[in-house]
Amino acid sequence: MAKLFLYTSYNLLFNLTLLMFLFIGIQNSKDKQKVNYLIFESIELPISFIVGSSFVAGSLFGNIIFMFSKAKEIQKK
């Protein structure tokens, strides 16, 4: 169980580092787009932020799913 916690904390630290570099890198971005939700529309955001934040969010949610599946396997043993 400690290995799982350690893996999750490393993954969280890595994703937060990626997010920090994303914020630093998009400061001079000029291309902006709006994101359309079902009913709502977002403010204009740089395209690189939309793509980068989607990657980081997917990586975090993937880690959460992996963590829950591994926790269930450990409890069965």
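How many aromatic pairs does a search of the whole structure find? I ran that search first and found two. I note here that the model is predicted.

**Entry 1: the aromatic pairs**

I took the pair of Tyr7 and Phe66 to begin with. The ring centres of Tyr7 and Phe66 are 5.4 Å apart. Their planes stand at 65°, so I wrote the pair down as edge-to-face. I then asked which elements hold the two rings. Tyr7 sits in helix H1 and Phe66 in helix H2, so this pair ties together parts that are 59 residues apart in sequence.

I looked up the exposure of both residues. Tyr7 has a relative accessible area of 41%, so it is partly exposed. Phe66 has 33%, and it is partly exposed as well.

Next came the pair of Phe23 and Phe49. I found this pair stacked, with 20° between the planes. Centre to centre, the rings of Phe23 and Phe49 are 5.8 Å apart. Phe23 belongs to helix H1 and Phe49 to helix H2, so the pair ties together parts that are 26 residues apart in sequence. I also checked Phe23 for exposure. At 43% relative accessibility, Phe23 counts as partly exposed.

**Entry 2: the chain as a whole**

I stepped back to the overall plan. I counted two helices and two strands in the protein chain. In what order do the elements run from the N terminus on? I read the order as α-β-β-α.

Then I turned to the dimensions. The C-alpha atoms fill a box of roughly 50 × 30 × 10 Å along the principal axes. The radius of gyration of the protein chain is 17 Å. For a compact globule of 77 residues I would expect a value near 11 Å.

I looked up burial and surface next. Buried residues make up 17% of the 77 residues. The accessible surface comes to about 6500 Å². Carbon and sulfur atoms account for 69% of that surface.

I also looked at contacts along the chain. I took those between residues at least 6 apart in sequence. Of these contacts, 51% join residues at least 24 apart.

**Entry 3: Thr8 and Asn63**

I wanted a buried spot, and I picked Asn63. Asn63 is placed in helix H2, which covers residues 47-76. Is Asn63 buried or exposed? Its relative accessibility is 6%, so I counted Asn63 as buried. The cut-off for buried is under 20%.

I listed what Asn63 touches, leaving out residues up to four places away in sequence. The list holds Tyr7, Thr8 and Asn11. Tyr7 I had already met in the edge-to-face pair with Phe66.

I followed Thr8 from there. Thr8 lies in helix H1, residues 2-25. With a relative accessible area of 15%, Thr8 is buried. Which residues does Thr8 contact, leaving aside neighbours within four places in sequence? I found Asn63 and Met67.

**Entry 4: the loop between the strands**

I moved on to the loop between strand S1 (32-33) and strand S2 (45-46), where Tyr37 is placed. At 53% relative accessibility, Tyr37 counts as exposed. I found Tyr37 in a nonpolar surface patch with Leu38, Ile39 and Phe40. The patch measures about 610 Å².

How many salt bridges does the structure hold? I found one. Lys34 forms this bridge with Glu41. The closest N and O atoms of Lys34 and Glu41 are 3.3 Å apart. Lys34 counts as partly exposed, at 41% relative accessibility.

**Entry 5: two distances**

I checked two C-alpha distances to finish. I started with Gln27, in the loop between H1 and S1. Gln27 is exposed, with a relative accessible area of 62%. Gln27 and Ile39 are twelve residues apart along the chain. I found their C-alpha atoms separated by 29 Å. Ile39 is one of the residues in the nonpolar patch.

Then I took Ile74, which lies in helix H2. Ile74 is partly exposed, at 38% relative accessibility. How many residues apart in sequence are Ile74 and Lys3? They are 71 residues apart in sequence, and 11 Å apart in space, C-alpha to C-alpha.

Conventions: Residues numbered from 1 in each chain as written. Predicted model: local features only at pLDDT ≥ 70, side-chain atom pairs only at ≥ 80, totals over all residues. Heavy atoms only, no water. Salt bridge = Lys/Arg side-chain N within 4 Å of Asp/Glu carboxyl O. Buried < 20%, exposed > 50% of the residue type's maximum accessible area, 1.4 Å probe, protein only. Helix = DSSP H or I, 4+ residues; strand = E, 2+ residues; numbered from the N terminus. Contact = heavy atoms within 4.5 Å. Patch = residues over 30% accessible without salt bridge, like charges linked within 9 Å, V, L, I, M, F, W, Y side chains within 5 Å. Areas by Shrake-Rupley, 256 points an atom, 1.4 Å probe, with all protein chains shown as cover. Rg over C-alpha atoms; globule rule 2.2 N^0.38 Å. Phe/Tyr/Trp six-rings, centres within 6.5 Å; stacked < 30°, edge-to-face > 60°.
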